[in-house]
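Please open the model in your viewer and keep the selection tool at hand, since this tour moves from one selection to the next. At each stop you will be told what to select and what to look for there.

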Amino acid sequence: MEQPKGVDWTVIILTCQYKDSVEVFQRELEIRQKREQIPTRTMLLAVEDPEVHVGSGGATLNALLVAAEHLSARAGFTVVTSDVLHSAWILILHMALCLKLFCLSLLPPQGRDFPFDDCGRAFTCLPVENPQAPVEAVVCNLDCLLDIMSHRLGPGSPPGVWVCSTDMLLSVPPNPGISWDGFRGARAIALPGSTAYARNHGVYLTDSQGFVLDIYYQGTEAEIRRCGRPDGRVPLVSGLVFFSVETAEHLLATHVSPPLDACTYMGLDSGARPVQLSLFFDILLCMARNVRREDFLVGRPPEMGQGDVDIAGYLYGARAELWRELRDQPLTVAYVPDGSYNYMTNSASEFLHSLTFPGAPGAQVVHSQVEERQLLGAGSSVVSCLLEGPVQLGPGSVLQHCHLRGPIHIGTGCFVSGLDVAQSEALHGLELHDLVLQGHHVQLHGARSRAFTLVGRLDSWEILALLPLTPSCGPCSPDCFLLFPQREGTGTYLNMSWSQFFQKTGIRDWDLWDPDMPPIERCLLSARLFPVLHPSRALGPQDMLWMLDPQEDGGKALRAWRASWRLSWEQLQPRLDRAATLASRRHLFFRQALHKARHVLEARQDLSLRPLIRAAVYEGCPGPLMATLDQVAAGGGDPGVAARALACVADVLGCMAEGQGGLRSGPAANPEWVRPFSYLECGDLARGVEALAEERDKWLSRPALLVRAARHYEGAGQILIRQAVMSAQHFVSSVPVELPAPGQWVVAECPARVDFSGGWSDTPPLAYELGGAVLGLAVRLNGRRPIGARARRIPEPELWLAVGPRQDKMATKIVCGSLDDLQDYCQPHAPGALLKAAFICAGIVSVHSKLSLSEQLLCAFGGGFELHTWSELPHGSGLGTSSILAGAALAALQRAAGRAVGTEALIHAVLHLEQLLTTGGGWQDQVGGLMPGIKVGRSRAQLPLKVEVEEITVPAGFVQKLNDHLLLVYTGKTRLARNLLQDVLRSWYARLPAVVQNAHNLVRHTEECAEAFRQGSLPLLGQCLTSYWEQKKLMAPGCEPLAVRRMMAVLAPHVHGQSLAGAGGGGFLYLLTKEPRQKEALEAVLAKTEGLGNYSIHLVEVDTQGLSLQLLGTETSA
């Protein structure tokens, strides 16, 4: 099912807990906008929470105020006005919404942080990939939530404000079935949960129409059952809320009313006392229908806790203001039964479970390069890592952001993150189990450093428990919860009790906690376990890992640990350098990406590197990628691999131009690039690539130069393609025959060709990288064979060329009296270029010989030659004219020079000629026109390039039946095949998935089309034509002009199938009519249609002769 159109967000706000993170996270939003995850016009704002204790509701109100203020300023207002909300779609993403509510308000701010990712739950990386993403990147939880909000929950909603927590893992079906008809007020999105999960969570009680009656947190069994759905599950408070414009205006209005003004930066800047509000148990709860005013006003949200009794009166005033503004706003729930919700707790076991795949047969490896994948345990996951050598990972373990070099053994139940290759040695000889080992970037008094933490999978980060006073208490009753410390002695470290840990390591409690710290506060959060600075050396994982197995080293490791400046987890959190962390992750991602690029190219994988190229350019890393591509191109000696690598460099340069500087297709013969091109022409790949890179560095300063450099890199790739196709010369041979008398004409005549299936698969490099298969017909047009050439020897040691109509007097004539006259043979638009190339390809003359032209001709033939070619078809017909003409010219020339060349040899000789001419092109045209009847040409995925032809046998009488039903319509549009060819080659080298799949389908479809001919079924052949035209349009978008589309639509009721010939874009349209002999009838149909231009309909019949060659007399014209 097609993904719905994404929401065109007006503003996206990301709220941050720490002031020094605002700039870091603002850049992360902007990077996602460059990646096309966020609309380009969306305003992006990273906003610091105004005060630690404003709560989720206060953070929402502050974010709404900031959005309204920025939109007001952009609209030209000098004051904040809610009018700007009426046409705005606003998304507020909270990084610290804290839905779990384990009394975290009593902890210091750093106590609320996520212990498994230094950048928080939003930036926790997930073991998933998005193969459709235009830009390659590691997928964070934030990315998943953005996608869900933009493409699943948001579409269809009216203007308003969405609020989304980032501390949860969500799954939402593509079409969640939310109706917005007649909506007003606020709407909470609820996802299903079990009754057991609901005991420690929030749930909605709703009526049959979806209106919220109450919200319970850690409700009783009876309350939870009351919320149950028919499927036995309950609607969880899931961190997702939508406010209509009307409700958002009411909420915004509270920012000027004390004490709610203290929830915003404006109020705090004015000296107001902070007030803590819950989004769910203050703002939403007052809209619930069963909640009474008196109960609400004296209630206290569970996230406040018992420790805030002194501000109960202050909260009373805040709730009274909320009740006044919001009570009349309806609150409904949209329940998504097929979705799922998981809060990201501080439990390492739960975290590992969310990132691994129990029961999976293998490991999930994402954006990582792993040398020995067989060592990764079933169900484990590896994200953004570079693993060299034997790195063993046990089942259920996770590696993230690590560059490790084995031998390393990480057992079951481990999470390892943030280690570089420099720390690998510390893991040698160890076997880790049930541990969390992380490397951190920290700032100590302005200096950047590294620190390492180690905890057990079973260790608990919680220090307090939240319990109701009575089983019947609801969360909105006063004094409904009390805080109880965990029992002393229940805490653990490294999966053992503190007493066991002390005994094992020699560490004492005074090493970890100050003597005056109360025993109930002595916990893992406050233990000064983690060294951050050693007086004489850099720190490493070994400064923690020694605790697992203290050696008999005379206490050396313990003394080093004690000599270090150590911090507790809560002390470490404010010192984490999030900018350095994200930069380090980005650097590692691109390091592994360079390995990936090299492997994809050298292993010839059909995997697109374009998303990776965009990532490198958008994030400022194109240089290392181009250097890697240079190495691949120069190092392998394989022209196919090198050509693709050069095409990737061209893509990098084109991407750097950012859509400016002109079209990618264009000339590539600037004199500055002659030197690198000459190396490539001579086969010196290494020096050629080096010279290309040297020249490239001069063309990076502005978009126009970048685009021109990209064109020249594609030109360099064409040289390598040309050399690969030249291998077809292996299959060109001739037999000496009697030399015709001087003046005796040798005349070659050929039919045109119509391609029924497989076109583009014959085009180099597809022909030898994928392997090609094309079904074509040799055809006469209006009873005539429209293409031909004649050649004869003349006494003058010159080359006389004539191009044009068959009548000699109307042709354009050219005389080549010297080798200089032949030098433009490789310029396709030069007069007589094809004929000049034919003489060179036939071996009659050599432009590199030390002998003059006349000397070469007199020595070998006693004189010169006259060659005349003609075609009765219009330019750009799509019927294979130029290649068939080249075949006719070569056949006539070779026979005039006393050589007989077989048709199959001619097919390969034309490939050679077209490479000399630099027009490129495939082999289907000459196969279709030189070989008779109905046939399939095939080439294998290998070099040298060899084309094999199979004649298709059809039922008796079917050829005549086909002639009666086949028509050609000249559309009057000239086909620009070269531009189409450049676009197709660019897409193939980029290995765009749709193009790769389509190329395979073209080959497969050819065999199906051949079977339809063997059966003699016109309806089946019509289906083949229809499918083939769709494949052509997918291969070369833009090949269907508007006038042609209109013509095809008019003809569709009268035909089994139709397609433009060749590459499309104009030329001839061929039809398989439902009724026989329909020329006059279809002329009448088209005559009634306006805007078709100068079209004409032609009779066509299958030619059963193919190339014909005859010797005529010595008269001056044939």
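Begin by selecting residues 858-928 of this predicted model, a span whose end C-alpha atoms lie 36 Å apart and which is 56% helix and 14% strand. An unreviewed UniProt entry annotates these residues as "domain: GHMP kinase N-terminal".

Within that span, select helix H28, residues 903-917, and pick out glutamine 915 in the helix. Is glutamine 915 buried or exposed? At 2% relative accessibility glutamine 915 counts as buried, because the cut-off for buried is under 20%. If you set aside its neighbours within four places in sequence, glutamine 915 is in contact with Ile721, Arg722, Val725, Met726, Gly920 and Gly921.

Next move to threonine 918, which lies in the loop between H28 and helix H29 (924-930). The phi angle of threonine 918 is near 70°, a positive value in a residue other than glycine, and with a relative accessible area of 26% threonine 918 is partly exposed.

Now select helix H23, residues 703-725, which has 23 residues and reaches 33 Å from its first C-alpha to its last, close to the 33 Å expected at 1.5 Å a residue. How many of the 23 residues of H23 are buried? The number is 18, and H23 is therefore described as mostly covered.

For the second annotated region, select residues 1010-1085, which the unreviewed UniProt entry labels "domain: GHMP kinase C-terminal". Over these residues the chain is 54% helix and 16% strand, and the end C-alpha atoms are 31 Å apart.

Stay there and select helix H34, residues 1042-1051, whose buried residues are Ala1043, Val1044, Met1047, Met1048 and Leu1051. If you look down the axis of H34, these buried residues fall within an arc of 135°, so they line one face of the helix. A general rule helps here: an α-helix has 3.6 residues a turn, so residues three or four places apart point the same way. On the other side of H34 you will find Leu1042 and Ala1049, which are exposed. To see what the buried residues of H34 pack against, add strand E41 (966-970), helix H33 (1018-1035), strand E42 (1055-1060), strand E43 (1068-1073) and helix H35 (1079-1087) to your selection.

The following stop is asparagine 782, in the loop between strand E33 (772-781) and strand E34 (787-794). At 42% relative accessibility, asparagine 782 counts as partly exposed. Its C-alpha atom is separated by 9.7 Å from that of isoleucine 1097, although the two residues are 315 residues apart along the chain. Leaving aside neighbours within four places in sequence, asparagine 782 is in contact with His1098 and Leu1099, and its side chain makes a polar contact of 3.0 Å with the side chain of histidine 1098.

Then turn to the strands, starting with E13, E15 and E18, which form an open sheet in that order with parallel pairing. Strand E13 (369-370) and strand E18 (403-405) stand at the edges, each with a single partner strand, so one side of each is left without a neighbour in the sheet. Two bridges join E13 to strand E15 (residues 386-388), and here valine 370 stands opposite leucine 387. While you are in this part of the chain, select serine 384 in the loop between strand E14 (381-383) and E15; serine 384 is buried at 1% relative accessibility, and its phi is near 50°, a positive value in a residue other than glycine.

Another open sheet has three strands in the order E16-E19-E21, again with parallel pairing. Strand E16 (391-393) and strand E21 (431-432) are at its edges, and each has a single partner strand, so one side of each lacks a neighbour in the sheet. Strand E19 (residues 408-410) pairs with E21 over two bridges, and isoleucine 410 stands opposite leucine 432.

Finish with two prolines that follow cis peptide bonds. Select proline 407, in the loop between E18 and E19, where the peptide bond from glycine 406 is cis, with omega near 10°. Then select proline 944, in the loop between strand E39 (934-939) and strand E40 (947-951), where a cis peptide bond joins leucine 943 to proline 944 and omega is about 0°.

Key
Residues numbered from 1 in each chain as written. Predicted model: local features only at pLDDT ≥ 70, side-chain atom pairs only at ≥ 80, totals over all residues. Heavy atoms only, no water. Buried < 20%, exposed > 50% of the residue type's maximum accessible area, 1.4 Å probe, protein only. Helix = DSSP H or I, 4+ residues; strand = E, 2+ residues; numbered from the N terminus. Arc of directions from axis to C-beta. Contact = heavy atoms within 4.5 Å. Expected span 1.5 Å × (residues − 1). UniProt positions renumbered as here; feature names shortened; annotations may be inferred. Pairing = 2+ DSSP bridges. Polar contact = N/O pair within 3.5 Å; in protein donor to acceptor, adjacent residues only side chain to side chain.
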